[in-house]
Amino acid sequence: MPTLYRTPPTPLRGTVAEAVRRGEHSAPLGVIDVQAFDYNAAQMRNNANGLPIRVASKSVRSVQALRRALSFEGFQGILAYSLPEALLLVKEGFTDIVVAYPSVDVAALQQLSDDPTARQHITLMVDCPEHLEHLSAPTRVAIDVDCTLHLSRAVIGPRRSPIREPEQVEELAKHIVASGHHLVGMMAYEGHVASVPDGEVGPVGIVKRWLRTKSMEDLAPRRKACIEAAQKYADLEFINGGGTGSITQSVDEGTLTEVAAGSGFYTPAIFDEFQDVNHRPAAFFVCQVSRNPARGWSTVNSGGWIASGPPAADRVPVAVWPKGLSYSSMEGAGEVQTPLHGADLNVGELVWFRHAKAGEMTEHVDYLLAVDGQQTEQWTTYRGQGWTLR
């Protein structure tokens, strides 16, 4: 894997190093460059071309970060990743929350049914009648439509919903209305476009760009037909799709009323090869050098914050400062310690990393040190609030 991506700016490094030196914060420490966070929000808004952006909370996982994201013009509503999370967000004062994944949590579903305020602000995702069975009160729901690309010998894209054709949408919509629930929206997430980089060079890049283009061409008429099928039974409040890596393409299709984005606020390393994601890295984590086992080697505490997805080199954190650091082929990024080669560093010195993905970094820390110039504040993570969500 490459040993160097975009590095943290010098003022940011200095502010964090001084805070750790004084003992105000300890490493491993998550860090947010607030100026980059704000810049990325403006970039996403420009790419959305006037379409509202619903903030994907799984990629943020901090109440303070969510509040800041939603304070910008053009951002409205939250795309949550679990019903327990959505219920907690309502208690924090958030409204217009769509749960992106169906819930089968009986206790949470009962809590939703018993809480009129929560039912007013939360929309559940469904893709089969069974998802309605534990709802004992009329509930806002949306239909999740499959967006995978079907080729002759392969299915490309995330395996989400079994609902793919307009006839299936119509059957489920009819069942939702007959059950007394409120069909208010539809979600059709083209994850194989939003998460596949289009800036790689060589044959692999050519194939990925073809797949992105082919996927959108295949999806557009089918998504339009599915929307029309649902609208026979309800006036839809929203039609959601897209992600940070596909905002422009999803908006240009013309069928959506909103797009979703979350990772773009932090802009992790996985987006470095996207042509339209012209962002600045905003999220880092730092580890301290704890020993020097040999000349040219330094070992930091922790560091093994591996991202989800298929095991591969692009799921490993990237050491971005000091320059030229690489992992040991025998140990890689470790649970307790991580040896790095390429520089003689002092014990106690900070090494800066970028996580491969966005919100998953927050599962390792209780707060993020948000740095705006020389001003700092702590953005509590879900973990720091005791939200052990599933």
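Guide: A residue is called buried when its relative accessible area is under 20%, exposed when it is over 50%, and partly exposed in between, with a 1.4 Å probe and protein chains only. The model is predicted, so local features need pLDDT of at least 70 and side-chain atom pairs pLDDT 80 or more, while totals for chains, interfaces and linings use all residues. Residues are numbered from 1 along each chain as its sequence is written, and side-chain values use heavy atoms, leaving out hydrogens and water.

Visitor: Why is Thr148 called buried or exposed?

Guide: Thr148 has 3% relative accessibility, so it counts as buried, the cut-off being under 20%. Thr148 is found in the loop between β6 (140-144) and β7 (149-150). Those labels come from DSSP runs: helices are H or I with at least four residues, strands are E with at least two, and both are numbered from the N terminus.

Visitor: What is Thr148 in contact with, leaving aside its neighbours within four places in sequence?

Guide: Contact means heavy atoms within 4.5 Å. On that basis Thr148 touches Val155, Ile156, Gly157, Pro158, Arg164, His192, Asp218 and Arg222.

Visitor: What makes the pair of Thr148 and His150 a polar contact?

Guide: A polar contact is a pair of N or O atoms within 3.5 Å; within protein, one must be able to donate a hydrogen and the other to accept it, and residues adjacent in sequence count only if both atoms are side-chain atoms. The side chains of Thr148 and His150 come to 3.1 Å, which falls within the 3.5 Å limit.

Visitor: How do you know that helix α4 is mostly covered?

Guide: Seven of the nine residues of α4 (residues 83-91) are buried. They are Leu83, Pro84, Glu85, Ala86, Leu87, Leu89 and Val90. These buried residues pack against α3 (63-71), β3 (75-80), β4 (97-99), α5 (106-114), α6 (116-121) and β5 (122-126).

Visitor: What is found at the start of α4, and what follows α4?

Guide: At the start, a side-chain oxygen of Ser82 comes to within 3.1 Å of the backbone nitrogen of Glu85. After α4 comes Gly93, with a positive phi near 100°.

Visitor: Why is β3 called largely enclosed?

Guide: Five of the six residues of β3 are buried, so the rest of the structure largely encloses this strand.

Visitor: What makes β3 and its neighbours β2 and β4 paired strands?

Guide: Two strands pair if DSSP finds at least two bridges between them. Strand β2 (residues 53-56) and β3 have three bridges and run parallel, with Ile53 bridged to Phe75 in β3. The chain goes from β2 through α3 to β3 in a right-handed β-α-β crossover. Right-handed means that, with the strands pointing away from the viewer, the path from the first strand over the helix to the second runs clockwise. β3 and β4 are also parallel and are joined by three bridges, and Leu79 has Val98 in β4 as its bridge partner. β3, α4 and β4 form a right-handed β-α-β unit.

Visitor: How do you know that both faces of strand β10 are covered?

Guide: In β10 (residues 238-241), Phe238 and Asn240 on one side and Ile239 and Gly241 on the other are all buried. Strand β9 (residues 182-188) pairs with β10 in the parallel sense over four bridges, and Met186 stands opposite Ile239. β10 also pairs in parallel with β11 (residues 258-261), over two bridges, which meets the minimum of two.

Visitor: What is noted about phi of Asp96 and phi of Ser302?

Guide: Most residues other than glycine have a negative phi, and most peptide bonds are trans. Phi of Asp96 is positive, near 55°, and phi of Ser302 is positive, near 60°. Asp96 lies in the loop between α4 and β4, and its 31% relative accessibility makes it partly exposed. Ser302, at 13%, counts as buried.

Visitor: Which peptide bonds are cis, at Ala27 and at Trp321?

Guide: The bond joining Ala27 and Pro28 is cis, with omega about 5°, and Pro28 lies in the loop between α1 and β1 (29-33). The bond from Trp321 to Pro322 is cis too, with omega near -5°.
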